[in-house]
Amino acid sequence: MTESETIPPVSPEAALSGAHWTIYLPTLTVAATWAVVFLWAEWREPPLAAIRGIALAVEAVVVPVLFVHAFLRARVLRAEAADGEVHLRWGFPFRRELTLPAGQVALAQARQSWPQRFLGGGALALIERNGRRHLVADLARPEEIAALINETNRRKDAA
C-alpha cells in the first residue's frame, strides 16, 4: 500500500484546525514567574522563607493544575469548515459544540493577540446573520478556516 492510498486527499474546500501550542503559554508564564520569585527569595540575605514557601506551593500545585487544564482544553479543541458547514468544538470542563451552515455566518475573522502574532495561532471569531457571536481561542490555523468560510459565502452571494 502506498502513502497516497492510506492518506485521503485533502479537499481545497476543507480546512481543519486543532489547538496551537500557545495554549500552554499562560502555564509557562506562571511557572517562569514563580521560579524567578523562588530564586529571588532564596538569594536574599537572610533568605525569605515565607515567600520561598509560597513560590514552591504555586510551582507544586497551581502550575500542574494549569497544565492539566490546558492539556484537556487542547484535546477537545477543534474547528473545521467543509462541505459548506462549520463544525466547532471547544471548552473544558464544559464542552461546547456548534455546527452551522457556512451561509449562516455573516463574518468569519481570525484574531490574534500580540504574542500570537509573533508565535502563531489565534482565535476564530464568527458572527452569525442573526447576530450571535462565537469565539474559539487558541487555534493553530484560524485564518485558513475564516478564509474558507468567507470565500464560500462570497461565491454563494455571487451566484
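So, Asp138: you'll find this residue in strand β7, residues 133-139. Keep in mind that we're looking at a predicted model here. Asp138 has a positive phi of about 65°, even though it isn't a glycine. And is Asp138 buried or exposed? Its relative accessible area is 11%, and the cut-off for buried is under 20%, so Asp138 is buried.

Who does Asp138 touch? One contact is His20. His20 sits in the loop between β1, residues 14-17, and α2, residues 25-43. Besides Asp138, His20 touches Leu119, Gly120, Gly121, Leu139 and Ala140, leaving aside residues up to four places away in sequence. At 12% relative accessibility, His20 counts as buried too.

Now compare another aspartate, Asp83. This one is in the loop between β2 and β3. Its phi is also positive, near 55°, and again this is a residue other than glycine. But Asp83 is exposed, with a relative accessible area of 75%. So we have two aspartates with positive phi, Asp138 buried and Asp83 exposed.

Asp83 brings me to the strands. β2 and β3 make a hairpin with two residues between them, and Asp83 is in that turn. The two strands run antiparallel, joined by five bridges. One of the pairs is Arg78 with Arg89 in β3.

Follow Arg89 across to the next strand. Which residue is its bridge partner in β4? That's Glu97. β3, residues 85-90, and β4, residues 96-101, are antiparallel as well, over six bridges. They form a hairpin too, with five residues between them, and Gly91 in the turn has a positive phi of about 100°.

That same loop between β3 and β4 holds Pro93. Have a look at the peptide bond joining Phe92 and Pro93: it's cis, with omega about 10°. There's another cis bond in the model, from Glu45 to Pro46, where omega is near 0°. Pro46 lies in the loop between α2 and α3.

Going the other way from β2, residues 78-82, four bridges join this strand to β1, and that pair is antiparallel. Ser17 stands opposite Ala79 of β2 there.

Okay, let's zoom out. The chain has five helices and seven strands, and from the N terminus the order is α-β-α-α-β-β-β-β-α-β-β-α. The radius of gyration is 21 Å, well over the 15 Å the globule rule gives for 159 residues, so the chain is more spread out than a compact globule. If you put a box around the C-alpha atoms along the principal axes, you get roughly 75 × 50 × 30 Å.

For one distance inside that box, take Ala57, in helix α3, residues 49-76. Ala57 and Ala125 are 68 residues apart in sequence, and their C-alpha atoms are 37 Å apart. Ala57 itself counts as partly exposed, at 40% relative accessibility.

What about burial overall? Buried residues make up 28% of the 159 in the chain. The chain exposes about 10100 Å², and carbon and sulfur atoms supply 62% of that. Of the contacts between residues at least 6 apart in sequence, 52% join residues at least 24 apart.

Last bit, charges. There are 17 positive and 16 negative ones, and their mean positions are 7 Å apart.

Conventions:
Residues numbered from 1 in each chain as written. Predicted model: local features only at pLDDT ≥ 70, side-chain atom pairs only at ≥ 80, totals over all residues. Heavy atoms only, no water. Rg over C-alpha atoms; globule rule 2.2 N^0.38 Å. Buried < 20%, exposed > 50% of the residue type's maximum accessible area, 1.4 Å probe, protein only. Contact = heavy atoms within 4.5 Å. Areas by Shrake-Rupley, 256 points an atom, 1.4 Å probe, with all protein chains shown as cover. Lys, Arg positive; Asp, Glu negative; His and termini not counted. Charge placed at Lys NZ, Arg CZ, Asp CG, Glu CD. Pairing = 2+ DSSP bridges.
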